[in-house]
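Here are some exercises to work through with the sequence and the 3D view side by side. Try each task yourself before you read its solution.

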Amino acid sequence: MRSVIFAVALSLPLPAFAAGVMNVKASEHSCSELTQIIRQNKKVFVRVGFGGRSFRYPPAQCSMGDKRSTTSLRDAGGKQCILDYTCVFDPASPYNFP
C-alpha cells in the first residue's frame with residue numbers, strides 16, 4: 001500500500017505541490033499592503049532586487065528544512081519594513097543534508 005501511495009505522489013506534476021504561491025514585487029507595494037497580501041494569500045514570494053524571500057502565514061507553516069525568522073526590506077516608498085513571518089533556509093535542519 002505504501003508503494004502505491006508513493007508511486008501516485010511521484011506521478012503528480014511538480015506544480016501541483018507548489019500551487020497557490022503568489023509572486024509580488026516589494027517595490028510596487030507599501031509595507032501595510034505587503035502584510036495584507038501575505039495574510040490573504042497564505043504563501044507569497046516577495047521579489048526584492050535580484051532575489052527574493054518566501055513568506056507564509058500563519059508563521060508556523062514553514063516547509064520542512066526552513067525556519068521562521070524576521071526580515072527587513074524596503075517598500076515602494078523606500079520605507080523599511082520588518083516582517084516577522086518569513087521562512088528561510090535552516091542549515092541546522094536534519095532535512096537539509098550537506
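Both Cys31 and Cys81 are buried, where buried means under 20% relative accessible area, exposed means over 50%, and partly exposed lies in between (1.4 Å probe, protein chains only). Before you start, note that this is a predicted model, in which local features need pLDDT of at least 70 and side-chain atom pairs count only at pLDDT 80 or more, while totals for chains, interfaces and linings use all residues. Residues are numbered from 1 along each chain as its sequence is written, and side-chain values use heavy atoms, with hydrogens and water left out.

**Exercise 1. Find what links Cys31 and Cys81, and say where the two ends sit**.

Step 1: Look at the sulfur atoms. Those of Cys31 and Cys81 are 1.7 Å apart, and the pair forms a disulfide (a pair of cysteine sulfur atoms within 2.5 Å).

Step 2: Place the ends. Cys31 belongs to helix α3 and Cys81 to strand β5, so the pair links distant parts of the chain, 50 residues apart. Helices (H or I, at least four residues) and strands (E, at least two) are DSSP runs, numbered from the N terminus.

Step 3: Check the twist. The angle about the S-S bond is -85 degrees, which makes this link left-handed.

Step 4: Count. The structure holds 1 disulfide.

**Exercise 2. List the elements of the protein in chain order**.

Step 1: Count them: there are 3 helices and 5 strands.

Step 2: Walk from the N terminus, and you meet α-α-β-α-β-β-β-β.

Step 3: Get a feel for the whole. Of the 98 residues in the protein, 23% are buried.

**Exercise 3. Work out the strand order of the sheet**.

Step 1: Read across. The sheet is open, has 5 strands in the order β1-β2-β3-β5-β4, and its pairing is mixed. Two strands pair if DSSP finds at least two bridges between them.

Step 2: Find the edges. β1 (22-25) and β4 (66-74) each pair on one side only.

Step 3: Look at the twist. On average, neighbouring strands are turned by 40 degrees against each other, direction ignored. For such angles, axes are lines fitted to C-alpha atoms (for helices over the stretch in contact), and angles run from 0 to 180 degrees between N-to-C directions.

Step 4: Go through some pairs. β1 and β2 (residues 43-48) are parallel, with 4 bridges; here Lys25 has Arg47 in β2 as its bridge partner. β2 and β3 are antiparallel over 6 bridges, and Phe45 stands opposite Ser54 in β3. β3 and β5 also run antiparallel, joined by 2 bridges, with Phe55 opposite Thr86 in β5.

Step 5: Look at the turn. β2 and β3 form a hairpin with 2 residues between them, and Gly49 in that turn has a positive phi of about 65 degrees.

**Exercise 4. Which residues does Thr35 touch?**

Step 1: Place Thr35: look in helix α3 (residues 31-41).

Step 2: Search around Thr35. Leaving out residues up to four places away in sequence, Thr35 touches Leu83 and Tyr85 (contact means heavy atoms within 4.5 Å).

Step 3: Follow the side chain. The side chain of Thr35 reaches the backbone oxygen of Cys31 at 3.0 Å.

**Exercise 5. Is Thr71 buried or exposed?**

Step 1: Find Thr71 in strand β4.

Step 2: Apply the cut-off. Thr71 has a relative accessible area of 11%, so Thr71 counts as buried.

Step 3: Name the neighbours. Again leaving out residues up to four places away in sequence, Thr71 touches Arg53, Phe55, Cys81, Ile82, Leu83 and Thr86.

Step 4: Compare sequence with space. Thr71 and Asp84 are 13 residues apart in sequence, and their C-alpha atoms are 6.4 Å apart.

**Exercise 6. Describe Lys42 and Lys43**.

Step 1: Place both. Lys42 lies in the loop between α3 and β2, and Lys43 is in strand β2.

Step 2: Check the backbone of Lys42. Its phi is near 70 degrees, a positive value in a residue other than glycine.

Step 3: Check the exposure. Lys42 counts as partly exposed because its relative accessibility is 41%; Lys43, at 26%, counts as partly exposed too.

Step 4: Look across from Lys43. The C-alpha atoms of Lys43 and Gly20 are separated by 6.7 Å, with their positions 23 residues apart along the chain.

Conventions
Polar contact = N/O pair within 3.5 Å; in protein donor to acceptor, adjacent residues only side chain to side chain.
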